[in-house]
Amino acid sequence: MSGTGLWLVVGLASGACFAVKVLGHFVPASWLAHPRLQRINALIPISLLSALVVAQGVAVKTHLAIDHRLVGLGVAMAALLARLPFPVVVVAAAASSALVYHWH
Amino acid sequence: MSVAITVGLYGVAFGAASVADGFSVLQTSLFSLLMFTGASQFAAVGVVGAGGSVASAVGAAFMLGTRNALYGLQMAPVVRARGLKRLAAAQVTIDESTGVALSQATRGPAAMRAGFWYAGLGVYVFWNLFTLLGALGAKALGDPAAWGLDAAVPAAFLGLLWPRLTDGFMRVVAAVSAVFVIAVTPVLPAGMPIIAATVVAIILGWRSR
């Protein structure tokens with residue numbers, strides 16, 4: 001992405017997120033209280049985070065790539081299953097992935 | 001205190017991820033100062049790192065930020081701020097401040113209001129401090145792949161996702177979304193599969209339960 005593009009992401013995404021927060025404080029409660037809206041809203045982070053794991057873990061732009069990152073993700077999942085804390089999960093993923101990257 | 005430590009560690013992870021995905025240290029800090037909602041920040045830099053467009057990155061951040069509007073609905077009658085203070089309250093309306101305020105509900109509105117500001121402003125300071133540390137650290141390291149930062153970013157997303165998978169239905173939503181992204185990655189422009197995955201949430205959330 002170009003330098004201008006990066007600045008646009010910083011500006012527009014920050015503005016959009018602030019606008020959403022302000023909206024919540026200023027609109028009448030009944031506008032956003034629909035149960036369906038609340039239900040979908042609870043699921044959106046799950047869909048997006050799951051999508052981000054895949055997009056950053058096994059994709060390179062528009063093709064799929066199985067590489068050192070998948071090893072890191074596997075280790076991260078094992079660490080989460082073992083109920084290890086967040087920083088351990090991230091560091092274990094980074095270390096195992098870097099190991100495979102250099103081995104290659 | 002444990003909230004502060006957790007926030008600090010997520011902040012380091014965000015700062016490192018943002019720099020690994022191509023943003024400068026200044027831009028990374030501006031994300032935390034101006035946007036100040038963790039999942040949206042991770043999403044914006046994640047979409048850019050995946051090669052997505054400006055619109056995809058902004059869209060992903062926006063959709064992850066919509067839950068803050070629902071928090072705002074609950075917090076506005078608790079905080080009852082006016083003018084500029086009301087805008088400040090909106091900016092610090094996030095998971096942690098709303099959670100702390102709601103946890104004080106049995107102790108009355110004054111305790112809820114105090115909890116909201118204490119958590120909101122506390123997290124703001126910690127989040128920004130540790131974002132900067134993470135960004136500077138990642139900048140000093142150089143090539144993201146050599147240090148495993150390219151795997152640390154998806155691992156951080158997995159760590160954010162994990163505690164939300166509280167029941168079988170949530171796990172189904174996560175699994176369907178993951179399979180969906182794998183399926184559409186070769187046919188959609190880079191970054192678009194992430195936005196498109198929200199369709200899974202909309203369809204599954206439309207009439208279930």
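**Chain and domain contacts around B:Ala50**

In this predicted model, 62 residues of chain A are in contact with 84 residues of chain B, where contact requires C-beta atoms, placed from the backbone, to lie within 7 Å. Local features need pLDDT of at least 70 and side-chain atom pairs count only at pLDDT 80 or more, whereas totals for chains, interfaces and linings use all residues. Residues are numbered from 1 along each chain as its sequence is written, and chains are lettered from A in the order in which they are written.

**Interface, side of chain A**
- The largest share of the side of chain A that touches chain B, 20 residues, comes from H2(A); helices are DSSP runs (H or I, at least four residues) numbered from the N terminus.
- This side of chain A has 42 nonpolar, 15 polar and five charged residues (nonpolar: Ala, Val, Leu, Ile, Met, Phe, Trp, Tyr, Cys and Pro; charged: Asp, Glu, Lys and Arg; polar: the others, Gly among them).

**Domains of chain B**
- Chain B is assigned domain 1 (1-164) and domain 2 (165-209), with bounds from an automatic or database domain assignment.
- Between them, 13 residues of domain 1 of chain B are in contact with 11 residues of domain 2 of chain B.
- Helix H4 (residues 54-65) of chain B gives the largest share of the domain 1 side, five residues.

**B:Ala50**
- B:Ala50 lies in the loop between helix H3 (38-49) and H4 of chain B.
- B:Ala50 is buried because 29 other C-beta atoms lie within 10 Å (buried: 20 or more, with C-beta atoms placed from the backbone).
- Beyond its neighbours within four places in sequence, B:Ala50 has contacts including A:Ala55, A:Gln56 and B:Gly191.
- B:Ala50 and B:Gly191 are 141 residues apart in sequence, yet 5.9 Å apart in space, C-alpha to C-alpha.

Notes: Two residues are in contact if their C-beta atoms, placed from the backbone, lie within 7 Å. Helices (H or I, at least four residues) and strands (E, at least two) are DSSP runs, numbered from the N terminus. A residue is buried if 20 or more other C-beta atoms lie within 10 Å of its own, exposed if 12 or fewer, and partly exposed in between; C-beta atoms are placed from the backbone.
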